[in-house]
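Visitor: I'd like to learn how the words people use for a protein get decided. Can we go through some of them together?

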Amino acid sequence: MGSGILTVALPTIAADISLSERLLLWPASIYALAAGCTLLVFGSMAEVVGGKKMWLTGTGLYIVSTLACGLCRTGIRLIVFRTLLGVSISMCLPAAVGITTKAFDQGTRRNTSFACQGVGQPLGYALGLIFGGVFADTVGWRWGYYMSAIIIFFSFLAAFWDLPPDEQKDVSWKRLGGEIN
């Protein structure tokens with residue numbers, strides 16, 4: 001949703017926070033770059049520490065970073081917070097795949113769950129395009145990020161109680177460093 005908000009409201013955002021024209025593409029690009037660069041590392045970490053812990057950690061960071069995007073006052077800060085959003089989503093994505101794989105046996109229910117995960121990103125982006133435009137034209141672009149953070153917060157609360165617990169594992173720095181290659 002945040003990427004959709006950014007896409008539609010970028011001219012308004014850039015004017016509001018004095019984002020220079022030479023940095024205009026950075027808030028959108030850095031998100032994907034950060035996510036792509038850290039995805040495999042956090043996927044490995046999720047295997048070691050547990051999917052639920054990794055997903056909750058990533059989601060918590062995502063909430064804070066989303067709020068920070070709405071609160072930022074400079075272009076550089078927006079770029080930094082969008083970088084943190086990319087890092088936090090890379091914590092969530094492989095953990096979600098692992099949780100789904102463990103929660104459902106092969107078959108229709110698992111396939112349906114993966115299909116729902118797959119539709120979540122384009123649906124969130126489309127909603128971000130709509131709400132980003134509405135908010136930018138009415139109460140301000142920042143409210144798009146605030147609303148997104150609120151939605152993610154409720155997802156975090158639901159996951160905290162509803163996701164299956166991780167298997168008990170001995171997690172040490174030595175094990176973490178040895179199993180993450």
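Visitor: Why does G132 count as buried or exposed, whichever applies?

Guide: Buried means under 20% relative accessible area, exposed means over 50%, and partly exposed lies in between (1.4 Å probe, protein chains only). G132 has 0% relative accessibility, so G132 counts as buried. You'll find G132 in helix α5. By the way, this is a predicted model, where local features need pLDDT of at least 70, side-chain atom pairs count only at pLDDT 80 or more, and totals for chains, interfaces and linings use all residues. Residues are numbered from 1 along each chain as its sequence is written, and side-chain values use heavy atoms, with hydrogens and water left out.

Visitor: And what makes F131 partly exposed?

Guide: F131, also in helix α5, has a relative accessible area of 35%. That value lies between the 20% and 50% cut-offs, so F131 is partly exposed.

Visitor: Which residues make the nonpolar surface patch?

Guide: They are V8, V119, L123, Y125, L127, L129, I130, F131 and V134, and the patch covers about 710 Å². Helix α5 (residues 108–137) gives the most, with eight residues.

Visitor: Why are α1 and α4 called roughly antiparallel?

Guide: Helix α1 (residues 2–17) and helix α4 (residues 75–103) pack at an angle of about 165°, with their axes 11 Å apart. Angles over 145 degrees count as roughly antiparallel (under 35 is roughly parallel, 65 to 115 roughly perpendicular, the rest oblique). So α1 and α4 are roughly antiparallel to each other.

Note on methods: Patches are made of residues with over 30% relative accessible area and no salt bridge: like charges are joined within 9 Å, nonpolar side chains (Val, Leu, Ile, Met, Phe, Trp, Tyr) within 5 Å. Accessible areas come from the Shrake-Rupley method with a 1.4 Å probe; for residues, only the protein chains shown count as cover. A salt bridge is a side-chain nitrogen of Lys or Arg within 4 Å of a carboxyl oxygen of Asp or Glu. Helices (H or I, at least four residues) and strands (E, at least two) are DSSP runs, numbered from the N terminus. Axes are lines fitted to C-alpha atoms, for helices over the stretch in contact, and angles run from 0 to 180 degrees between N-to-C directions.
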